[in-house]
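User: I'm new to this one and would like a close look at a single part: the place where two helices cross. Could you walk me through that, and then show me what else is worth a look?

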Amino acid sequence: MRPPATSSRFPDRRFRRQALVVLAALAAGILPEGGAAAQDAPRILPMRERAALVDRWLEIRFQTVLPEIMRRDGVDLWIVAAREYNEDPVIRTMLPYTWLAARRRTVLLFHDRGPEEGVERLAVARYDIGGIPGAWNPETEPDQWARVAELVRERAPQKIGLNRSRDFGLADGLTATEYEALVEALGPDLASRLHDAETLAIAWLETRTPEEMAVYPGIVRLARTIISEGLSERAIQPGVTTTQDLSWWYRERIRELKLQTWFQPGVSVQRREGAMFGGDEGSQGDFSSRPPPDVILPGDLIHVDFGITYLRLNTDTQMHAYVLRPGETDAPPGLQEAFSTGNRLQDILTDEFVSGRTGNEILAAALAQAEEEGIRASIYTHPIGYHGHGAGPTIGLWDRQDGVPGKGDYPLFPMSAHSIELNARVPIPEWDGQDVRIALEEDALFDGESTWYIDPRMERLLLIPRPR
């Protein structure tokens, strides 16, 4: 699975194009002026403009990402097949924006004809599929699998990739019945050339293009703006508002903006002389149970876990706010220092991001450095992009700090996005030495040489009410 030490998914000339793409995004109003650092959220596109943008990105991915990853894996022909409402996770990212699901049975064939001719795309399906030409007439040839076999035989591939994987659900989209029907149709000779396309499927899902990265900062900025709105007097009245009230405020806000979320917003509190994460006596701040509804009070440290799906890309962010007590103008110094410790843990982790290093290797190195610096750390970082918990190397789980077999053994590739998710437990002097868990999550891109936050990370606690 390891890429060569010099592995790069895109030659440098493509990065030089990114500045032009950013300018185009600014002109279209997709990004705020000033880029990701601007304070205002970007304009949310009407549905028709969203469809046009996503479909344009898809065509670029077919022309650039697809040939490179097929040649890297040595796959001559990639077959992606699914039936309606039982979609392969990969096929849903290859369909036009207005397609919500596969229709009847949809079989896509991608044949690499070499650098000069590029990758041929064919759809063996009852309906035309956007930029993928149809290659089957059911009126003259009713047997769909027979047509698939005919097309494969004509192209005589040596290595045929199928989406099957033991470790990655996102790369395991071919069902058993579809596999059996395909093998029967191909016959023994062609069936002997079938190979699991785990790394190919993951590469397709995890690779971000310059065109996507021109807009991704605005998407993350949008999500963070919504979180900040909720962590303010607009949504919170101390002594009245509960954590569940705030969770529902976020749900309603997402709907108002015609956006979607890929998980339910999570809100919890930590307070002096109170249990962590919602005041549940038995809670250890893990993900094994939901915190009970708590009334938000002055002196509380509020934690929000929130993400949106927009333009087929996902965000995943965790932010904190401190509710000022009467007479306070800032959070206690101990909480501020604890937050800085969380930022330091982020730096320790991202410093270990090296192309070709596995998730388990990154995890072990980061935890060792954190221990050396006296930080009580827990790391559970995951890829993000087309899916919230995306394809690529898992860097710890909250309940697996010794490494994750399989998913953690996958290597880090350039142009992959990751949610830098972790926490540090820090004693707070002003709270009589009580531990607080600073749980942070920020979306970042590894470009092959460095890791940078898609939108500038949070480095100070938000305050409620905001200083005037």
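Analyst: First, a bit of vocabulary: a helix axis here is a line fitted to C-alpha atoms over the stretch in contact, and angles run from 0 to 180 degrees between N-to-C directions. Keep in mind, too, that this is a predicted model.

Now to the helices. Look at α7, residues 210-230, and α8, residues 243-256: their axes come within 10 Å and cross at roughly 140 degrees. Since angles over 145 degrees count as roughly antiparallel and 65 to 115 as roughly perpendicular, that makes α7 oblique to α8. The crossing of the two is right-handed. So who does the touching? On the α7 side you'll find Ile-226, Ile-227, Glu-229 and Gly-230, while α8 brings Leu-246, Trp-249, Tyr-250 and Arg-253. Sort the residues of this contact by type and you get five nonpolar, one polar and two charged.

Next, move along the chain to strand β6, residues 266-270. Five of its five residues are buried, so β6 is largely enclosed by the rest of the structure. You can check that face by face: Gly-266, Ser-268 and Gln-270 sit on one side, Val-267 and Val-269 on the other, and both sides are covered. β6 also has a partner, as it pairs with β7 (residues 301-306) in the antiparallel sense over five bridges. If you want one spot to find by eye, try Ser-268, whose bridge partner in β7 is His-303.

Finally, a few backbone oddities. Most residues other than glycine have a negative phi, and most peptide bonds are trans. Tyr-85 goes against that habit with a positive phi of about 65 degrees, though it is not a glycine. You'll find Tyr-85 in the loop between β1 (77-83) and β2 (105-112), and at 66% relative accessibility it counts as exposed. Met-415 is another non-glycine with a positive phi, about 60 degrees in this case. Met-415 is in a loop as well, between β12 (382-383) and β13 (416-428), but this residue is buried, with a relative accessible area of 3%. As for peptide bonds, the one joining Ile-464 and Pro-465 is cis, with omega about 0 degrees. To find that spot, go to the segment after β16 (462-464), which is where Pro-465 lies.

Conventions
Residues are numbered from 1 along each chain as its sequence is written. This is a predicted model: local features need pLDDT of at least 70, side-chain atom pairs count only at pLDDT 80 or more; totals for chains, interfaces and linings use all residues. Side-chain values use heavy atoms; hydrogens and water are left out. Buried means under 20% relative accessible area, exposed over 50%, partly exposed in between (1.4 Å probe, protein chains only). Helices (H or I, at least four residues) and strands (E, at least two) are DSSP runs, numbered from the N terminus. Two strands pair if DSSP finds at least two bridges between them. Angles under 35 degrees count as roughly parallel, over 145 as roughly antiparallel, 65 to 115 as roughly perpendicular and the rest as oblique. A crossing is left-handed if the near helix is turned anticlockwise from the far one by less than a right angle, and right-handed if clockwise. Contact means heavy atoms within 4.5 Å. Ala, Val, Leu, Ile, Met, Phe, Trp, Tyr, Cys and Pro count as nonpolar, Asp, Glu, Lys and Arg as charged, and the others, Gly among them, as polar.
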